[in-house]
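Got a model open and wondering why the labels on it say what they say? Let's go through them one at a time.

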Amino acid sequence: MKKLIFLSYALLAWAGSVAAQARFTSNTERHDFGQIEWKHPVTAEYTVTNTGDASLVLTHVEPDCACTVASWTETPIAPGQKGRVSVTFDAEALGHFEKSIAIYTNASPNLVYLYLGGEVVREIKDFTRTHPFAIGSIRLDRDAIDFPDAHRGEHPALEVGVANLSDLPYEPVLMHLPPYLQAVAEPSVLQPGEKGVIRLTLDTERLADLGLTQTSVYLSRFSGDKVGEENELPLSAVLLPDFSTLTEAERRQAPVIQLSTDRIDMSEVLAQKRKAKADITVTNTGRSPLRLGHLQVFHPAVGVSLKKSVLSPGESTRLRVTVTKRGIGRHRRHLRVLMITNDPTHPKVEINIVAARRPQR
């Protein structure tokens, strides 16, 4: 009888281990570049999620031609976590192209395909894909300006792609620039159908404090243009504390922040009510006091409150997040919460908020 019971438990354990398996899910099966410039390589990024219950391993990624080069997450992807597949196309040959990428994994099936396509042209005429955001007759490749991780003394830079779809020459100018931001347009004047960039440089020495600084700048659509919601570009910069001088011994004694979750889905509640709230447990699993400071939001519809801002080792507290339905759609800023800590491994903690379900296709 004991042998029979032992055998039953062994069979159940074996069945459980067999049932656990990885599952490969990509955010998209095909990336369409639209028109791209000849001899200007382009890169497609695929976000891979392990929707199974065992670790996912991308063992090999093989494009179908030498004109495409791939890189990918080579470490195991835990259940529920994300990895990436990055594919660069060299754009050496003119004309339409359609490429496939074979993804070998430890999931079932162990071989899946991703695709990319588009058209290589000498001169781009269709800017709807490369510059998807329209402000009047001007198109941009981004609708917000973010400097996410900067330290005092650094001068990070980024570019905003601009395309002139009007019938007149156009001078790209950003109005209401804050003193910590410099902007230079190249070329300074865009002819009809021409594209260029606005190069932006952040002067971290002129940021007032750690954490989030945000404002708006405005793209001038024509000479004498005024500011308004139609030409607004939200601007945010996050200044982080510098832990580069910590010794190894100090790092071992440092605080460690742990959240019960870093993503809140309030879509179901907000579909029925005007306001939703959720609580997150914040715990210090390190060896010295954890300080939670500069608690900020990126969106006026989001509110936060923290029960305690200094946690002893092993101590926990409650972070409450509220979202008001009214006003969510009026601002293009992301719904998220920012917290600056003295944990040298996680000086910036972000909590992302989902407030509406995406429509099913």
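What follows is a run of questions and answers about a predicted model.

Q: What makes the pair F33 and F97 tilted?
A: The ring centres of F33 and F97 are 6.4 Å apart, and the cut-off for a pair is 6.5 Å, so they count as one. The angle between the planes is 40 degrees. Stacked needs under 30 degrees and edge-to-face over 60, so tilted is what remains for F33 and F97.

Q: Why is the pair F89 and F97 called stacked?
A: Here the planes of F89 and F97 meet at 15 degrees, with 4.1 Å between the ring centres. Under 30 degrees counts as stacked, so the label fits F89 and F97.

Q: How many aromatic pairs does the structure hold, and what do the ring pairs link into a cluster?
A: There are two aromatic pairs. F33, F89 and F97 are linked into a cluster by ring pairs. As for exposure, F33 and F97 are both buried, and F89 is buried as well.

Q: Why can you say that the pair F33 and F97 ties together parts that are apart in sequence?
A: F33 belongs to strand β2, while F97 belongs to strand β7, residues 95–105. The two parts are 64 residues apart in sequence, so the pair ties them together.

Q: What makes R122 a charge over the ring of W38?
A: The charged end of R122 is 4.5 Å from the centre of the W38 ring. The distance limit is 6 Å, and the charge must also be within 35 degrees of the ring normal. R122 is listed as sitting over the ring of W38, so the pair passes the test.

Q: Where does R336 lie with respect to F298?
A: R336 lies over the face of F298, at 3.8 Å from the ring centre. Set against the 6 Å limit, that distance is within the cut-off.

Q: Why is A91 called buried?
A: Its relative accessible area is 0%, and buried means under 20%, so A91 gets the label. A91 also has a positive phi of about 55 degrees, although it is not a glycine. You'll find A91 in the loop between β6 (82–89) and β7.

Q: Is H176 buried or exposed, and why?
A: H176 has a relative accessible area of 55%, and exposed means over 50%, so H176 is exposed. Phi is positive in H176 too, near 60 degrees, in a residue other than glycine. H176 is in the loop between β13 (173–175) and β14.

Q: Which peptide bonds are cis, going by omega?
A: One of them runs from S108 to P109, with omega near 0 degrees. Another joins E186 and P187, where omega is about -10 degrees. P109 is in the loop between β7 and β8 (111–121), and P187 is in the loop between β14 (181–186) and β15.

Q: What lines the second largest pocket?
A: The pocket holds about 380 Å³ of space, and 21 residues line it. V42, I124, T130, H131 and K195 are the closest to its centre. β2 (30–37), β3 (42–50), β12 (157–164) and β15 (195–202) each supply at least two lining residues, with β2 giving the most, six. By class, the lining has seven nonpolar, eight polar and six charged residues.

Technical notes:
Residues are numbered from 1 along each chain as its sequence is written. This is a predicted model: local features need pLDDT of at least 70, side-chain atom pairs count only at pLDDT 80 or more; totals for chains, interfaces and linings use all residues. Side-chain values use heavy atoms; hydrogens and water are left out. On a 1 Å grid over the protein atoms alone, a cavity is a set of points where a 1.4 Å probe fits but cannot get out, and a pocket is an open set with protein on both sides within 12 Å along at least five of seven lines; lining residues have an atom within 4 Å of a point. Grid points are joined across faces, edges and corners, and a volume is the space filled by probe spheres set on the points. Helices (H or I, at least four residues) and strands (E, at least two) are DSSP runs, numbered from the N terminus. Ala, Val, Leu, Ile, Met, Phe, Trp, Tyr, Cys and Pro count as nonpolar, Asp, Glu, Lys and Arg as charged, and the others, Gly among them, as polar. Rings of Phe, Tyr and Trp (its six-membered ring) pair if their centres lie within 6.5 Å; planes under 30 degrees apart count as stacked, over 60 as edge-to-face and the rest as tilted. Buried means under 20% relative accessible area, exposed over 50%, partly exposed in between (1.4 Å probe, protein chains only).
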